[in-house]
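Here are some worked exercises for you to try. Take a look at the protein below, attempt each task, and then follow the solution step by step.

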Amino acid sequence: MTVMTGTKPLACGVGGGLEPPLAILAELTHRCPLACPYCSNPLELEAQSRELDTATWKRVLDEAAEMGVLQVHFSGGEPLLRRDIEELITHASGAGLYVNLITSAAALDRARIERLRDAGLHHIQISFQDTEAKEADRIAGFPSGHERKLKAAREVVAAGVALTVNAVIQRSNIDHAEAFIDLALELGAGRIEIANVQYYGWALLNRPALMPTREQLIRMDEKIRARLPSLKGRLVVDYVVPDYYARRPKACMGGWGRRFMNITPSGKVLPCHAAETIPNLAFETVKDRSLAEIWTDGPAFAAYRGTAWMPEPCQGCEFKEVDWGGCRCQALAIAGDASATDPICERSDKHALVAELAERDSTAGQAITYRGYVTRK
């Protein structure tokens with residue numbers, strides 16, 4: 001997900017000296033024409049019948065602006081499947097929010113782009129599954145999708161809307177990472193995310209089909225870093241390497257409950273995309289309380305905010321206010337305990353397990369399980 005530079009000063013809409021989040025991710029729907037096997041949505045997707053209505057989303061956007069949020073990222077699923085998307089963009093922009101649309105671009109043409117732009121949209125992010133059409137369409141599970149994306153991306157730039165290319169990297173396309181850069185330059189994008197798959201949601205299910213080998217990663221890393229100096233002033237590059245080959249954890253979402261709020265189609269407010277995988281966390285909805293109240297003292301946000309919850313060796317670590325303990329969902333997925341030290345960290349007693357999983361899965365021949373539409377019971 002691309003994070004933009006805000007244009008609005010922070011407000012004082014939250015209490016206790018807590019800074020407001022930088023951004024909210026508004027998941028308008030889990031419906032999507034693509035079936036990407038690395039989707040970060042939960043395995044049990046929320047049904048259309050449970051989606052928040054237009055009036056509720058408008059109230060949420062107003063509350064976000066009032067508490068000092070700078071950006072809203074409209075996402076899904078595919079947010080363009082919401083018939084009220086232009087209305088929501090107009091409302092968000094009118095509230096002073098920087099508005100980004102994260103889309104598959106499957107239903108995006110010049111007329112729609114111009115309507116979105118005129119509604120107040122600032123930026124569009126389009127995901128690409130590969131640089132070669134046949135492989136891209138195979139990964140997305142959507143015939144002719146790649147050509148539609150290319151056409152839409154060119155129309156975005158022609159309409160004067162800022163464009164980010166989201167290059168989703170996994171085992172079958174990692175050797176095309178440089179070609180993704182060439183594609184972004186050819187399309188006229190201002191930014192590219194070379195986003196190696198992070199293993200949550202559908203990606204965790206498909207880890208044995210997606211994990212690159214260490215040799216592939218080293219080869220890609222050398223090529224990308226060699227290209228970076230020549231791209232200065234031409235293309236902004238966000239480069240995210242796979243956690244499983246790292247020695248230090250990342251500050252997931254800028255730290256739990258510090259910079260980010262995720263709102264699901266039904267209105268649940270989460271500290272991160274995968275937080276629902278953690279048992280015994282209580283998630284409030286925008287129907288229960290205001291965003292500011294949930295942000296300030298919601299139990300899910302308070303659970304791993306700050307450093308008091310940290311075990312050793314995190315508690316005595318000099319990096320604890322840099323990585324903020326890493327990723328709780330990853331700790332659960334690998335170590336079986338969301339409160340444990342992130343196993344990605346070389347100081348974790350489970351770090352060797354990460355290397356074992358990466359080596360095992362990177363050579364596995366497991367077939368892809370495509371993202372499906374499963375309603376919650």
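**Exercise 1.** Into which classes do the residues lining the second largest cavity divide, and what is the volume of this cavity?

*Solution.* Step 1: the lining divides into seven nonpolar residues, two polar and one charged. Here Ala, Val, Leu, Ile, Met, Phe, Trp, Tyr, Cys and Pro count as nonpolar, Asp, Glu, Lys and Arg as charged, and the others, Gly among them, as polar. This is a predicted model, where local features need pLDDT of at least 70, side-chain atom pairs count only at pLDDT 80 or more, and totals for chains, interfaces and linings use all residues. Residues are numbered from 1 along each chain as its sequence is written, and side-chain values use heavy atoms, with hydrogens and water left out.

Step 2: find the lining residues, which are C252, M253, G255, W256, P271, C272, G326, C327, R328 and C329. On a 1 Å grid over the protein atoms alone, a cavity is a set of points where a 1.4 Å probe fits but cannot get out, a pocket is an open set with protein on both sides within 12 Å along at least five of seven lines, and lining residues have an atom within 4 Å of a point.

Step 3: the space inside is about 60 Å³. Grid points are joined across faces, edges and corners, and a volume is the space filled by probe spheres set on the points.

**Exercise 2.** Which residues lie nearest the centre of the largest cavity?

*Solution.* Step 1: the structure has four cavities of 30 Å³ or more, and the largest has a volume of about 110 Å³. Step 2: among its 15 lining residues, R248, C314, C317, D323 and C345 lie nearest the centre. Step 3: sort the lining, and you get seven nonpolar, three polar and five charged residues.

**Exercise 3.** Which element gives the most to the lining of the second largest pocket?

*Solution.* Step 1: this pocket has a volume of about 320 Å³. Step 2: it is lined by 17 residues, and P42, L43, G201, A274 and T277 are the closest to its centre. Step 3: two elements, α7 (201-205) and α13 (328-335), each give two or more residues; helices (H or I, at least four residues) and strands (E, at least two) are DSSP runs, numbered from the N terminus. Step 4: the answer is α13, with three residues.

**Exercise 4.** How do α4 and α5 pack, and where does H146 fit in?

*Solution.* Step 1: two packed helices are described by the angle between their axes and the distance between the axes. Step 2: for α4 (residues 133-140) and α5, the angle is about 105° and the axes are 7 Å apart. Axes are lines fitted to C-alpha atoms, for helices over the stretch in contact, and angles run from 0 to 180 degrees between N-to-C directions. Step 3: the pair is therefore roughly perpendicular (65 to 115 degrees; under 35 is roughly parallel, over 145 roughly antiparallel, the rest oblique).

Step 4: A133, A136 and D137 in α4 meet G145, H146 and E147 in α5, where contact means heavy atoms within 4.5 Å. Step 5: H146 is in α5 and is buried, because its relative accessibility is 4% (buried is under 20% relative accessible area, exposed over 50%, partly exposed in between, with a 1.4 Å probe and protein chains only).
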